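Student: I'm new to this one, and I'd like a close look at a single part. Could you walk me through the largest cavity and what lines it?

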Amino acid sequence: MRALTWQGRRDVRVETVPDPRIEEPTDVIVRVTSTGICGSDLHLYEPLGPFLDPGDILGHEPMGLVEEVGSAVTALKPGDRVVVPFNVSCGDCFMCDRGLQSQCETTQVTEYGTGAALFGYTKLYGQVPGGQAEYLRVPFGNTLPVKVEHGPPDDRYVYLSDVLPTAWQAVEYASVPRDGTVVVLGLGPIGDMAARIALHRGAGRVIGVDLVPDRLNRAAAHGVIPLDWRRYGKDLPEAVAEYTGGRGADAVIDAVGMEAHGSPVAKGAQRAVGLLPDAVAQPLMEHAGVDRLAALHMAMRLVRRGGTVSVSGVYGGALDPMPLLTMFDRQIQLRMGQANVLRWVPEILPLLNDEDVLGVDHFATHAMPLEEAPKAYAMFQQKADGMVKTLLKP
């Protein structure tokens with residue numbers, strides 16, 4: 001089959017690799033019909049390279065048709081249409097029973113002390129072959145895949161793999177009061193969708209912050225108040241204060257993570273580590289890594305006293321300094337974590353109908369053949385051609 005493989009920093013290639021096969025009785029093989037490029041895939045493009053091997057298959061946002069099922073699979077049959085959550089979770093352990101699929105005890109990567117394995121996402125999360133490929137082996141076939149109806153286009157359902165549950169959890173964790181104000185930092189795919197979900201769930205005011213005019217305009221078209229970070233810079237809290245009676249936002253969602261602009265020292269350190277041999281770079285990243293924290297520190301300034309900061313952007317540093325004195329004094333609540341996809345699917349799936357209240361049918365800005373995936377990664381990394389969300393078509 002053809003699949004997108006990691007080969008080095010900013011070097012991904014579509015290659016011919018062996019087809020996946022049934023390895024356990026509960027496995028299914030899915031023929032991928034659509035697969036997204038996620039903002040966190042860019043972390044693999046650069047800073048998390050030390051945890052990848054050449055030839056690793058990337059991607060964790062696939063959907064498609066069941067091609068083959070293992071002997072113990074009873075919930076699916078060949079021809080069924082499914083979305084594959086990015087968490088590899090068993091559905092039966094202590095954590096899964098509590099809706100914490102991202103902490104699944106069956107697939108936790110104990111070697112690195114991390115949570116549930118993820119499709120297509122480094123040794124830190126199991127080094128499981130990903131879904132930017134023609135076919136994908138999916139374990140736990142009776143409990144992991146989400147069965148959806150035939151008929152509507154893939155665009156309606158594919159975001160159940162990651163974008164929708166990640167954005168939904170970000171809003172849930174933000175605890176935005178009804179008619180309250182939430183600021184969304186970063187209007188990439190997750191931030192954009194989180195802003196839409198916040199409005200759908202009753203937020204009185206959603207303020208979106210980004211550096212890219214196309215993204216600001218896109219959010220504004222859906223009722224978001226756009227603020228250009230380039231214009232306001234360190235004065236952004238004053239701009240937000242004008243909308244909140246000087247108090248600050250009830251909640252802030254950090255949808256940026258380690259890719260935040262600013263902190264040239266941390267940026268330089270990330271790049272330098274990425275050039276080291278893996279045997280040296282891995283321990284540095286695990287025990288001494290430092291992120292660019294501009295977005296997270298700004299979130300602490302934007303939120304009101306007693307408010308909530310919800311972090312959905314991925315961070316990877318082990319020694320990140322946090323303003324604990326300020327957080328304690330201002331009684332800021334902080335929630336974060338990988339999305340528990342299956343926890344939120346029952347709440348989201350009923351919204352994916354012809355009414356399309358979240359705008360999923362036209363959420364993708366680009367659709368490209370799998371063979372053009374290297375070009376798509378480069379465009380996404382450069383935020384070129386108005387790219388916010390790309391679906392690859394194997």
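Tutor: Here's a walk through that cavity, with a little on how far to trust the model.

First, the ground rules: this is a predicted model, where local features need pLDDT of at least 70, side-chain atom pairs count only at pLDDT 80 or more, and totals for chains, interfaces and linings use all residues. Residues are numbered from 1 along each chain as its sequence is written, and side-chain values use heavy atoms, with hydrogens and water left out.

Rolling a probe the size of a water molecule over the atoms shows where empty space is left. On a 1 Å grid over the protein atoms alone, a cavity is a set of points where a 1.4 Å probe fits but cannot get out, and lining residues have an atom within 4 Å of a point. The structure has 1 cavity of 30 Å³ or more. The largest cavity comes to about 40 Å³, a volume being the space filled by probe spheres set on the points, which are joined across faces, edges and corners.

So who's around it? Thr-166, Gln-169, Ala-170 and Tyr-173 are among the lining residues, and so are Ser-310, Val-311 and Ser-312. Gly-337 and Ala-339 belong to the lining too.

Now for the elements, which are DSSP runs numbered from the N terminus: helices (H or I) have at least four residues and strands (E) at least two. Helix H3 (163–174) and strand S12 (303–311) each give the lining at least two residues. H3 makes the largest contribution, with 4 residues.

By class, the lining has 4 nonpolar, 5 polar and no charged residues. Here Ala, Val, Leu, Ile, Met, Phe, Trp, Tyr, Cys and Pro count as nonpolar, Asp, Glu, Lys and Arg as charged, and the others, Gly among them, as polar.

How far can you trust all this? pLDDT is the predictor's confidence in each residue, from 0 to 100. The chain averages 90, and 89% of the residues score at least 70. Over residues 260–277, though, the pLDDT is below 50, and that stretch has 26 contacts (heavy atoms within 4.5 Å) in the model beyond near neighbours in sequence. Residues 279–291 are also below 50, with 41 such contacts.

Technical notes:
On a 1 Å grid over the protein atoms alone, a cavity is a set of points where a 1.4 Å probe fits but cannot get out, and a pocket is an open set with protein on both sides within 12 Å along at least five of seven lines; lining residues have an atom within 4 Å of a point.
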